[in-house]
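The following exercises are to be worked with the sequence and the structure in view. Each task is followed by a solution in steps.

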Amino acid sequence: MLKVDSLHQAYGGSHILRGLSFTVETGKVTTLLGRNGVGKTTLLKSLMGLVRTREGSITFDGRDITHLPPHARVQAGIGYVPQGREIFPRLTVAENLLMGLATKPGGTRIPERIFDMFPVLKQMMHRRGGDLSGGQQQQLAIGRALAMGPKLLILDEPTEGIQPSIIKDIERAIRTLAATGEMAILLVEQYYDFAESLADQYLLMERGEFIMRGRGETMQQDGVREALAV
Ligand SMILES: Nc1ncnc2c1ncn2[C@@H]1O[C@H](COP(=O)(O)OP(=O)(O)OP(=O)(O)O)[C@@H](O)[C@H]1O
């Protein structure tokens with residue numbers, strides 16, 4: 001589904017990503033872990049075309065997207081939930097969700113499954129995004145990314161600053177989405193238990209390189225929690 005090959009990234013002269021290679025499969029959750037500042041968000045921005053790739057290639061659904069602009073990647077089927085959510089605070093919940101449909105030709109109907117997954121969004125349809133709690137805004141950001149029916153959903157630290165009950169809802173939603181077998185999920189997370197409970201495969205990053213990788217079910221015995229805490 002997604003194949004990244006020898007990706008390098010730099011801001012000015014500072015080399016941030018150092019030759020990353022990995023794949024993300026449909027129907028599976030890939031979790032990317034790593035401490036603050038190791039380059040996780042930079043990797044996601046590279047995948048979305050928000051920073052220009054210096055070296056290496058990104059193939060999505062059999063197509064080389066390395067140099068496509070962000071909107072073309074969204075149109076190709078990549079949904080992105082950025083860190084900090086970045087919903088439109090002055091627009092209503094319904095308008096935020098419709099923004100997610102903007103790249104889909106003729107798309108005017110919000111898919112009902114978003115409301116099945118996050119019923120609170122239906123109850124709050126006409127409230128402004130900025131009036132929602134942090135957890136509700138996170139659900140809205142995920143709903144917005146799902147509106148156009150992505151084949152790959154990328155989430156950047158969806159549990160950051162969110163209350164535990166909503167973390168459970170988000171966990172359930174991600175598991176349900178992967179289980180449909182229609183979508184690949186790439187999840188960046190620092191909250192170890194959440195990452196481990198969802199991971200089919202994991203990648204652990206340190207200073208722009210993967211220092212450990214493997215199957216989700218072996219995360220514990222591989223010592224990922226300890227490696228993250230060092
Ligand atoms: N626009 C930028 N210009 C210059 N340096 C940047 C820029 N954005 C990030 N960096 C630097 O690149 C490195 C990687 O940052 P990045 O945000 O990718 O890390 P991260 O692993 O996502 O961390 P966090 O968990 O805090 O979001 C950091 O040292 C950061 O200071």
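**Exercise 1.** Determine whether Phe-88 is buried, partly exposed or exposed.

*Solution.* Step 1: apply the cut-offs, by which a residue is buried if 20 or more other C-beta atoms lie within 10 Å of its own, exposed if 12 or fewer, and partly exposed in between, with C-beta atoms placed from the backbone. Step 2: count for Phe-88; 14 other C-beta atoms lie within 10 Å, so Phe-88 is partly exposed. Step 3: locate Phe-88, which sits in the loop between β6 and α3; helices (H or I, at least four residues) and strands (E, at least two) are DSSP runs, numbered from the N terminus. Step 4: list the contacts of Phe-88, two residues being in contact if their C-beta atoms, placed from the backbone, lie within 7 Å. Leaving aside residues up to four places away in sequence, Phe-88 touches Asn-96, Met-99 and Gly-129.

Two remarks on the model apply throughout. The model is predicted: local features need pLDDT of at least 70, side-chain atom pairs count only at pLDDT 80 or more, and totals for chains, interfaces and linings use all residues. Residues are numbered from 1 along each chain as its sequence is written.

**Exercise 2.** State the sign of phi in Glu-86 and in Arg-207, and describe where each residue lies.

*Solution.* Step 1: recall the general case, in which most residues other than glycine have a negative phi. Step 2: examine Glu-86, whose phi is positive, near 50°. Glu-86 belongs to the loop between β6 and α3 and has 13 other C-beta atoms within 10 Å, so it is partly exposed. Step 3: examine Arg-207, which is not a glycine and yet has a positive phi of about 40°. Arg-207 lies in the loop between β9 and β10, and with 14 C-beta neighbours inside 10 Å it counts as partly exposed. Step 4: place Arg-207 in its hairpin, where 2 residues stand between the strands β9 and β10. These strands, β9 (residues 201–206) and β10 (residues 209–215), run antiparallel and are joined by 6 bridges; Leu-204 has Met-212 of β10 as its bridge partner.

**Exercise 3.** Give the strand order of the sheet with 6 strands and identify its edges.

*Solution.* Step 1: follow the pairings, where two strands pair if DSSP finds at least two bridges between them. The order is β6-β7-β8-β3-β9-β10, in an open sheet with mixed pairing. Step 2: find the edges; β6 and β10 each pair on one side only. Step 3: consider the turn between neighbouring strands, which averages 15°, direction ignored. Here axes are lines fitted to C-alpha atoms, for helices over the stretch in contact, and angles run from 0 to 180 degrees between N-to-C directions. Step 4: inspect one pair; β6 and β7 are parallel, with 4 bridges, and Val-81 is partnered by Leu-155 in β7. Step 5: add the helix α7, which packs on the sheet and touches β3 (29–33), β7 and β8 (184–189), with its direction at about 150° to that of β8.

**Exercise 4.** Explain why α6 is described as largely enclosed by the rest of the structure.

*Solution.* Step 1: define the helix; α6 (residues 134–146) has 13 residues and reaches 18 Å from its first C-alpha to its last. That is close to the 18 Å expected, the expected span being 1.5 Å times one less than the number of residues. Step 2: count burial; 12 of the 13 residues of α6 are buried, so the helix is largely enclosed. The buried residues include Gly-135, Leu-140, Ile-142 and Leu-146. Step 3: name what the buried residues pack against, namely β6 (78–81), α3 (93–99), α4 (112–117), α5 (119–123), β7 (152–156) and α7 (164–179). Step 4: give the direction; α6 lies across β6 and β7, at about 170° to β6.

**Exercise 5.** Which strands stand at the edges of the sheet with the order β2-β1-β4-β5?

*Solution.* Step 1: note that these 4 strands form an open sheet with antiparallel pairing. Step 2: identify β2 (14–24) and β5 (63–64) as the edges; each has a single partner strand, so one side of each is left without a neighbour in the sheet. Step 3: place α1, which packs on this sheet and touches β1, β2 and β4.
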